[in-house]
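Please look over the sequence and the model shown below, and then follow the explanation from the chain as a whole to its details.

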Amino acid sequence: MIGRGLIDFCQNIGKFFLFALGSIITIFRPPFHFREFIQALITIGLLSLPVIGLTALFTGAALALQIFSGGSRFNSESAVPAIVAIGMVRELGPVLCGLMIAGRVGSAIASEIATMKVTDQIDALITLSTDPRQLLVAPKILATIIALPFLTAVGDILGIFGGYLVGITRLGFSSQLYLTQSIEFLNSVDVISGLVKGSVFGFIVAIVGCYMGFQSDRGAKGVGRATTQSVALSSILIIAVNFILTKMFF
């Protein structure tokens, strides 16, 4: 039983990497469906702004309160602006953005493709000599890779702004001092690492969602399972890859 499970696990990993490699190649192979790409870019990027913005804003505000509370034990309350800015840009911004997109977009991608498979729309595309990965996968992958860095940047800005609001209204910081310290301790590598993480997390969300959709079982139960597995696997991979990227950059 253990051997059978291990073999199935290795086969699934192989299938996933072959699917990912084939999907990447498909992006650079004509024809490119520009209309589907624009629709995916709007759905993934523009329509996700309210969720990302609110999440980052309240996270930055809560982070400022927690750091101030903990720092007061060591007389280091003045470090709040720098730690909030670095924490949001390096880690919390891209990770929270990736996790929120995994829940909002990854599940939708998996559900859409799984439903098309259940209703034989995938087979219909193949019958019409249309590569399903060119029509359904490539535009979504490219859109998430492009949209996630912008969403991460917006999340970083609003997260720092949330800490700024709490700092000047509740913690006694002056506006100029808070902004000066937030900018002074940020390096270019901090910003670049966060944006690179955003692109990588976007690729993970899109490829996992598409893969789970194509691998779903028949029926409503199969669609639900594919959606759930997509969110769970994307979240795990984002946390794991975040550790690897952080080690590479810092």
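Of the 250 residues in the chain, 42% are buried, and this figure, like everything that follows, refers to a predicted model. The secondary structure consists of nine helices and zero strands, so that the order of elements from the N terminus reads α-α-α-α-α-α-α-α-α. Measured out along its principal axes, the C-alpha trace spans about 65 × 45 × 30 Å. The accessible surface of the chain comes to about 12800 Å², and 71% of that surface belongs to carbon and sulfur atoms. Among the contacts in the chain with a separation of 6 or more, 86% are between residues 24 or more positions apart.

One pair of helices can serve to show how such elements meet. Two packed helices are described by the angle between their axes and the distance between the axes. The axes of H2 and H6 come within 8 Å and cross at roughly 40°; because angles from 35 to 65 degrees fall outside the parallel and perpendicular ranges, H2 and H6 count as oblique to each other. The crossing in which H2 passes H6 is right-handed. The residues of this contact between H2 and H6 divide into 12 nonpolar, one polar and two charged. On the H2 side the contact is made by Glu 36, Phe 37, Ala 40, Leu 41 and Ile 44, while the residues that they meet in H6 include Leu 135, Pro 139, Lys 140, Thr 144 and Leu 151.

The loops between helices hold some backbone details that deserve a separate look. Most residues other than glycine have a negative phi, and most peptide bonds are trans. The peptide bond from Pro 30 to Pro 31, however, is cis, with omega near 0°, and Pro 31 has its place in the loop between helix H1 (2-27) and helix H2 (34-44).

Further along the chain, Asp 120 has a positive phi of about 65° although this residue is not a glycine. Asp 120 lies in the loop between helix H4 (80-118) and helix H5 (121-127), and because its relative accessibility is 41%, Asp 120 counts as partly exposed. Ser 129, which is likewise a residue other than glycine, has a positive phi near 60°, and is found in the loop between H5 and helix H6 (132-169). With a relative accessible area of 72%, Ser 129 is exposed, since the cut-off for that class is over 50%.

Note on methods
Residues are numbered from 1 along each chain as its sequence is written. This is a predicted model: local features need pLDDT of at least 70, side-chain atom pairs count only at pLDDT 80 or more; totals for chains, interfaces and linings use all residues. Side-chain values use heavy atoms; hydrogens and water are left out. Helices (H or I, at least four residues) and strands (E, at least two) are DSSP runs, numbered from the N terminus. Buried means under 20% relative accessible area, exposed over 50%, partly exposed in between (1.4 Å probe, protein chains only). Axes are lines fitted to C-alpha atoms, for helices over the stretch in contact, and angles run from 0 to 180 degrees between N-to-C directions. Angles under 35 degrees count as roughly parallel, over 145 as roughly antiparallel, 65 to 115 as roughly perpendicular and the rest as oblique. A crossing is left-handed if the near helix is turned anticlockwise from the far one by less than a right angle, and right-handed if clockwise. Contact means heavy atoms within 4.5 Å. Ala, Val, Leu, Ile, Met, Phe, Trp, Tyr, Cys and Pro count as nonpolar, Asp, Glu, Lys and Arg as charged, and the others, Gly among them, as polar. Accessible areas come from the Shrake-Rupley method with a 1.4 Å probe; for residues, only the protein chains shown count as cover.
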